[in-house]
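Visitor: I have a few questions about this one. Can we go through them with the model open?
Guide: Go ahead.

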Amino acid sequence: FRLLFRYFPPEAMFWTVALIALAFYQPAVQNHFTLCPLSNLGFDFCPGCGLGKSIAWLFNGEIVQSWHAHPLGIFAVIVLT
């Protein structure tokens, strides 16, 4: 197990699991719980909100929906991959 962390950083494992989870997420059907402090305080605008849905739309092949959810979703997938 220690050798796994030596060659595969924990951050990479976290982002890999997160991308896999978003690939199975159905943004049109499922509602989600948010950890966003700005959203939980009642603010309407948050620069990061919608990024997860954008990535999920992208994995479902809905590029236009992905762009409308958050313009940086496509870029985030490229960077994380």
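Visitor: Leu80: buried, exposed or partly exposed?
Guide: Partly exposed, because its relative accessibility is 32%. Bear in mind that this is a predicted model.

Visitor: Which helix is Leu80 in?
Guide: Leu80 belongs to helix α6.

Visitor: And which residues make the nonpolar surface patch?
Guide: Phe14, Trp15 and Leu80 make the patch, which covers about 300 Å².

Visitor: Switching to α4. Which of its residues are buried?
Guide: Helix α4 spans residues 51-59, and Ser54, Ile55, Ala56 and Trp57 are buried there.

Visitor: What do those buried residues pack against?
Guide: Three helices: α2 (10-24), α5 (63-69) and α6 (73-80).

Visitor: What about the glycine that follows α4?
Guide: That is Gly61, and its phi is positive, near 85°.

Visitor: Now cysteines. How many disulfides are there?
Guide: The count is zero.

Visitor: Why is Cys36 not bonded to Cys46?
Guide: The two sulfurs are 3.4 Å apart, so they are too far from each other for a bond. The cut-off for a disulfide is 2.5 Å. Cys46 holds the cysteine sulfur closest to that of Cys36.

Visitor: And Cys49, what is its nearest cysteine sulfur?
Guide: That of Cys36, 3.5 Å away, and Cys49 is in no disulfide.

Visitor: Of those two, is Cys36 buried or exposed?
Guide: Cys36 is buried, with 12% relative accessible area.

Visitor: How does Cys49 count, then?
Guide: Cys49 counts as partly exposed, because its relative accessibility is 32%.

Notes:
Residues numbered from 1 in each chain as written. Predicted model: local features only at pLDDT ≥ 70, side-chain atom pairs only at ≥ 80, totals over all residues. Heavy atoms only, no water. Buried < 20%, exposed > 50% of the residue type's maximum accessible area, 1.4 Å probe, protein only. Helix = DSSP H or I, 4+ residues; strand = E, 2+ residues; numbered from the N terminus. Contact = heavy atoms within 4.5 Å. Patch = residues over 30% accessible without salt bridge, like charges linked within 9 Å, V, L, I, M, F, W, Y side chains within 5 Å. Areas by Shrake-Rupley, 256 points an atom, 1.4 Å probe, with all protein chains shown as cover. Salt bridge = Lys/Arg side-chain N within 4 Å of Asp/Glu carboxyl O.
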